Amino acid sequence: MAEREIVKTSCPRDCYDGCGIAVVKRGGRIARVLGDPDHPVSRGALCGKCAIAYNGVWLDPGARLLHPMRRTGAKGRGRFERIPWDEALAETAGRLKDIAAEHGADSILHTHYTGTCSSIANAFPGRFFARLGATEAEPDSICNNAGHAAWGYVFGDSHTGFDPRTARESSCIVVWGANPSHSAPHAHKHWLKESPARVIAIDPVRHETARDADLHLRLLPGSDAALAFGMCHVARRDGLLDHGYIRDRVLGYDEVEADIQAATPAWTADKTGLAVADIEEAARAYAAGPSLLWLGQGLQRQRTGGNIFRACAMLPAFTGNIGKPGAGFYYLNDGSGIIARKGAAPVRTEPGDGGAAGPRISQMDVPAALNDPGRFRAYMAWNCNPVASNPDQARMRSGLAREDLFTVVVDCFPTDTADYADIVLPAASFLEFDDLTCSYFNLTVGAQAKCAEPMGESLPNQEIFRRLATAMGYEEAFLHRDDASMLDEALAGMGLGIAFDELKEKGWVWGSDEPLVLWAEGVFPTPSGRIEIACPRAEADGHPRTPRAVADPPPRDGRLRLLSPAGKWLMNSSYGNDPRIRELMGEPAVAIHPDDAARLDVADGQRVVLANDAGELAMTAVVSDIVPAGALLADKSRWPRGEGGHNVNLLHIPRKTDMGESTSVHGVEVTVSRSPAIR
Ligand SMILES: Nc1nc2c(c(=O)[nH]1)N[C@H]1C(S)=C(S)[C@@H](COP(=O)(O)OP(=O)(O)OC[C@H]3O[C@@H](n4cnc5c(=O)[nH]c(N)nc54)[C@H](O)[C@@H]3O)O[C@H]1N2
Ligand SMILES: Nc1nc2c(c(=O)[nH]1)N[C@H]1C(S)=C(S)[C@@H](COP(=O)(O)OP(=O)(O)OC[C@H]3O[C@@H](n4cnc5c(=O)[nH]c(N)nc54)[C@H](O)[C@@H]3O)O[C@H]1N2
Ligand code: SF4
Ligand SMILES: [Mo]
C-alpha cells in the first residue's frame, strides 16, 4: 500500500464560499481531491461541480494544456504544434515589441478575470501589462462593475460588507438578486438554511434559494428600484425608519422623501408584479431588524443596475440596519483589506507596482474593438475564456479570426478562445503551486498549497509573466518578485501574526477570532463622511443626484427578457469540458412561463429558437413557472464547442449599464419561436 498523505489547500474559484480542500496523496501522487472536514464553510464537502471536475479534467493530462504551442491551422481551428518555452516566449516578446514600436503599446489589448482568484496568480501578471502600457479591458465590467460604481458613490466603498458570522444576531436576512443555491452552495446549505432568521429572497426566478426562503418576492426583472422605494414607503408609514441614524449618518433623505411617499404599495405592486401583502411583509420584517441585506451580482446586471444599487442602499441607510450586531449590507468583501483593518475605518491601499498602467476599455467594447484593425494589433487573454463568457459571441469570433491580430492565450485548458491563438501558453493549476486565497464572503484566509508538480511543462501565471518580462528585457524588480516573499508580505499586511508555512500547516484561519461588526463607527469614506443617497459626485459625473423610483418597461413586440445567471454545474465556463459535468447538464434548455408558452404555442421539451439582433440560438423549452411571464431562464457560459459553436452569449448584445460601463446581460431581450431545427 503506497503511503497516504493529506495536504490541506483552498479553492481559488470565483465563488463566495472559499472552501477548504483536503488533497489525498498516495505514493506522492494526487489520488483524490476532497473537502476539508475542519473547514468552517466546506465542512468536509466540496460543491458538486468541484467534486467532479477537481477529480476529473483538472487531473487529466489528456484534458489539460501541457506545452507551449504555435498555431499551424486557420484561426479558430485549434491546430497547433508544440514548441519549447524559450521559443514561445521569444516569439511573443518579439511580436509585442514590434507592435508596440510601430503602433504604440496601447494597440495591445489584454483581457483577464477570475479563472483563478488566488492572490498572486490573479494579480501579478497585471504588473507586466502595466509596465508594457497595454490597454486593459476593465476586468469587473464583465461581472459586477455597476454595483461597484454605484456603491462607490453611496458608501465610498463596495468591498466592505457584513461579516456573515454576525448573522447569529439577525432576525431577518434579505438575499436580493443572488442565488447562493448555485453560486455559494455552502452558504446556502448552512448559513442560510440553518439560520433561525427570517429569510427573504427577492428574485424573478423561483430557484432553490427562493424555495427555501420564508418569503419569496418574485418580481419582474429590472423592477428592483421601484421595490426599494416601495419598501421604504412602508417602513416610513409604519414608523420603522431610524431618524437618528438618518440625521447623523446619511445625506439626502429629504431629497427622496417625496418619491418614497409616492411609492405606495399599490404603485409598487403595479411596477414590480408583486402582491401588496408581500411587499408590506418584506418591508416590515426588514425594517424591524436587526437585518442583513445581501445584494447579489445578478441584481446589477441590468441596464439600470447602478440606479438599482443606489435605491437598495436606501433600505439600510434609512432603517439604520448598519454597524450593529446582526445588521449590515453586503455586496463583496475584500477579505484581506478588512482583516488588515480589523473593522476600523477603511483605508484602501493599492499594491505599489511602480508600473505605468495603460488605458482601459469596457469588456462590453471588446468584441467591436477586436474587429477594428486600426485599433488593436495584438490581444492577450489570460485567466478568462471570452469566446464562452463575453458578450456578442459572433463578433468576438470574427474579431479573433483576424489574421493580422497577434493573439496569445494563457489557460490550463484548450478553450474555444485558445483555438484562435497564435501562441498558447499552458498555465499550471491551483493544485500545482503555492498561493493565498480569501473568500469574498467569509472572512477566512486560506493557503493554496502545492500538491503536485505542474502538469507537463505548464507554469503558474506569475512564472509565465516573470519569464515574459525577461524575454522583453524588462529588469525592474517588481516584475521579478519571488512568490515566497510576496506571500509572507501579504500575510504580514493582514497582521495575522502567521507566516505562509504555518498557514499551510493549518490550511486556513479566520481573519479575526470574533465576528466583526463592520461600519460600527458610522463614518463612510465619502467626501461628506456620510452615506450619500444624494451624491454630488454622482451628479458631477452626469448621473442623477439621487436614486430614481423607476422600473424597466416590459419588453415590447412580443419579446421576452432572457436571464442567464450562474448554473449549478459550471463555474462560468470552467468545467464545461468535463465529460461528467456535461452529462449532468444535459442539453441547453430555456425555461419559459406557461402563459408565454401557450401564447407562442410551445410545448414542454420542444426545440425553440431564441433570436435578436446579435444572433439565433436553438434550445429545448422547459415550460415552468419558475420564471414569471415575460422572462426566460437559461444558464450562462457552456463551452461553445460541442454545442454547435455557440452558447447563450451569442444573444448577449453588449449594452452598458447606467454606471460602470458594465454588463447588462440580464437585460437582454429575445423573440422565441418554434424551431424548424436550426443549429
Ligand atoms: N450570459 C452570461 N454570461 C456571463 C455571465 C452571466 O451572468 N450571463 N456572467 C459573467 C461573469 S459574472 C463573469 S465573472 C464572467 C467570467 O468569465 P471568465 O472570466 O472568462 O471565466 P471563465 O469562462 O470561467 O474562464 C476562466 C478561464 O480561466 C482558466 N483558468 C483557471 N485557472 C487558471 C490559471 O491559474 N491560469 C490561467 N491562465 N487560466 C486559468 C479556466 O480554465 C477558464 O478557461 O462571465 C460573464 N458571462
Ligand atoms: N455554480 C456557480 N457558481 C458561481 C458562478 C457560476 O458560474 N456557477 N459564477 C461566480 C461568479 S463569477 C459570480 S459573479 C457569482 C454570481 O452569483 P450571484 O451573485 O448569485 O449572481 P447570478 O448568479 O449572476 O444571479 C443571481 C440571481 O440574480 C437574478 N436576477 C437577474 N436579474 C434580476 C433582477 O432584475 N432583479 C433581481 N432581484 N434579481 C435578478 C437571477 O435570476 C439570479 O437568480 O457566482 C459565482 N459562483
Ligand atoms: S467553487 Fe465554491 S463551493 Fe465549489 S469548492 Fe470552490 S469554493 Fe467551494
Ligand atoms: Mo462574476
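**Figure 1. Character of the shell around ligand 3.** Among the residues of the shell around ligand 3, seven are nonpolar, two are polar and three are charged. The structure shown in this and the following views is a predicted model.

**Figure 2. Residues and helices surrounding ligand 3.** The residues that surround ligand 3 include Cys11, Cys15, Cys19, Cys47 and Cys50. Arg13, Asp17 and Lys49 also belong to this surrounding group, as do Gly18, Leu46, Pro185 and His186. Two helices, α1 (48-53) and α7 (185-192), each contribute at least two residues to the shell around ligand 3. The space that ligand 3 takes up is the largest cavity.

**Figure 3. The surroundings of ligand 1.** There are 32 residues around ligand 1, and those that come nearest are Asn385, Ser389, Asp411, Ser564 and Ser573. By character, the shell around ligand 1 consists of 13 nonpolar, 15 polar and four charged residues.

**Figure 4. Polar contacts of ligand 1.** Two of the contacts shown involve the protein backbone. In Val410, a backbone N or O atom lies 3.1 Å from a nitrogen atom of ligand 1. In Met571, a backbone N or O atom is found 3.3 Å from an oxygen atom of ligand 1. Lys636 takes part through its side chain, with a polar atom 3.2 Å from a nitrogen atom of ligand 1. On its own, ligand 1 has 920 Å² of accessible area, of which the protein covers 98%.

Technical notes
Residues are numbered from 1 along each chain as its sequence is written. Chains are lettered from A and ligands numbered from 1 in the order in which they are written. This is a predicted model: local features need pLDDT of at least 70, side-chain atom pairs count only at pLDDT 80 or more; totals for chains, interfaces and linings use all residues. Side-chain values use heavy atoms; hydrogens and water are left out. A residue is near a molecule or strand if one of its heavy atoms lies within 4 Å of it. On a 1 Å grid over the protein atoms alone, a cavity is a set of points where a 1.4 Å probe fits but cannot get out, and a pocket is an open set with protein on both sides within 12 Å along at least five of seven lines; lining residues have an atom within 4 Å of a point. A molecule sits in a cavity or pocket if more than half of its atoms lie within 2 Å of its grid points. Helices (H or I, at least four residues) and strands (E, at least two) are DSSP runs, numbered from the N terminus. Ala, Val, Leu, Ile, Met, Phe, Trp, Tyr, Cys and Pro count as nonpolar, Asp, Glu, Lys and Arg as charged, and the others, Gly among them, as polar. A polar contact is a pair of N or O atoms within 3.5 Å; within protein, one must be able to donate a hydrogen and the other to accept it, and residues adjacent in sequence count only if both atoms are side-chain atoms. Accessible areas come from the Shrake-Rupley method with a 1.4 Å probe; for residues, only the protein chains shown count as cover.
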